[in-house]
Amino acid sequence: MYARRLARVLAALCDHYEIVSAGIEMTSEQKAFVRLADHCLKCPTCRTMDDQGAHAGLPCEEESRLYEAYRTEHAHAAATRRASRRAAEVSA
């Protein structure tokens, strides 16, 4: 679970780097993810490790709130992309 989460963070950070380096303005989905990633990198609860050096998985209310905000933005962006594709297919 932790590895999948880390992989999603890495992919999103790579996308973010490409956008920032190209001078493109971030979408609301990307902004929500950056807020989530920034929190998780700085929060002592989110960064807690167990005795074996693995992520402890402690509950963090702020992380849960930011994750839900990101999921909402992601779902909205996905719906918008699907609608755009359908409109393009209909007009073609």
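**View 1. Glu-68, a partly exposed residue with a relative accessible area of 43%.** The bands here are buried for under 20% relative accessible area, exposed for over 50%, and partly exposed for anything in between, using a 1.4 Å probe and protein chains only. This is a predicted model whose residues are numbered from 1 along each chain as its sequence is written, and local features need pLDDT of at least 70. Side-chain atom pairs count only at pLDDT 80 or more, while totals for chains, interfaces and linings use all residues, and side-chain values use heavy atoms, with hydrogens and water left out. Now look for the partner: the Glu-68 side chain meets that of Arg-71 in a salt bridge, at 3.8 Å from N to O. A salt bridge here means a side-chain nitrogen of Lys or Arg within 4 Å of a carboxyl oxygen of Asp or Glu. Arg-71 is partly exposed too, at 45%. Glu-68 and Arg-71 sit about one helical turn from each other because they are 3 residues apart in helix α3. Helices are DSSP runs (H or I, at least four residues), strands are runs of E (at least two), and the numbering starts at the N terminus.

**View 2. Glu-62 and Arg-65, another pair in helix α3.** These two form a salt bridge, and their closest N and O atoms are 2.6 Å apart. With their positions 3 residues apart, they are about one turn of the helix apart. Glu-62 has 33% relative accessibility, so it counts as partly exposed. Arg-65 comes out at 47%, which also makes it partly exposed. In total, the structure holds 4 salt bridges.

**View 3. Glu-29 reaches across to Arg-81.** Here the salt bridge has its closest N and O atoms 3.5 Å apart. This pair ties together distant parts of the chain: Glu-29 is in helix α2, Arg-81 is in helix α3 (residues 61-91), and 52 residues separate them. Helix α2 itself covers residues 28-42. Why does Glu-29 count as buried? Its relative accessibility is just 12%, so it falls in that band. Arg-81, at 36%, counts as partly exposed. Setting aside neighbours within four places in sequence, Glu-29 is in contact (heavy atoms within 4.5 Å) with Tyr-70, Glu-73, His-74 and Ala-77, as well as Arg-81.

**View 4. Glu-63 and its surroundings in helix α3.** Is Glu-63 buried or exposed? It counts as buried, because its relative accessibility is 10%. Apart from neighbours within four places in sequence, Glu-63 touches five residues you can pick out here: Arg-5, Leu-36, His-39, Cys-40 and Cys-46.

**View 5. A nonpolar patch on the surface, made of Tyr-2, Leu-6 and Met-49.** Together these residues offer about 300 Å² of accessible area, worked out by the Shrake-Rupley method with a 1.4 Å probe, where for residues only the protein chains shown count as cover. Patch residues have over 30% relative accessible area and no salt bridge; like charges are joined within 9 Å, and nonpolar side chains (Val, Leu, Ile, Met, Phe, Trp, Tyr) within 5 Å. Tyr-2 belongs to helix α1 (residues 2-22) and is partly exposed, at 40%.

**View 6. Ala-3 in helix α1, with His-55 across from it in space.** Ala-3 is exposed, its relative accessible area being 59%. How far apart in space are Ala-3 and His-55? Their C-alpha atoms are 9.8 Å apart, although their places lie 52 residues apart in sequence.
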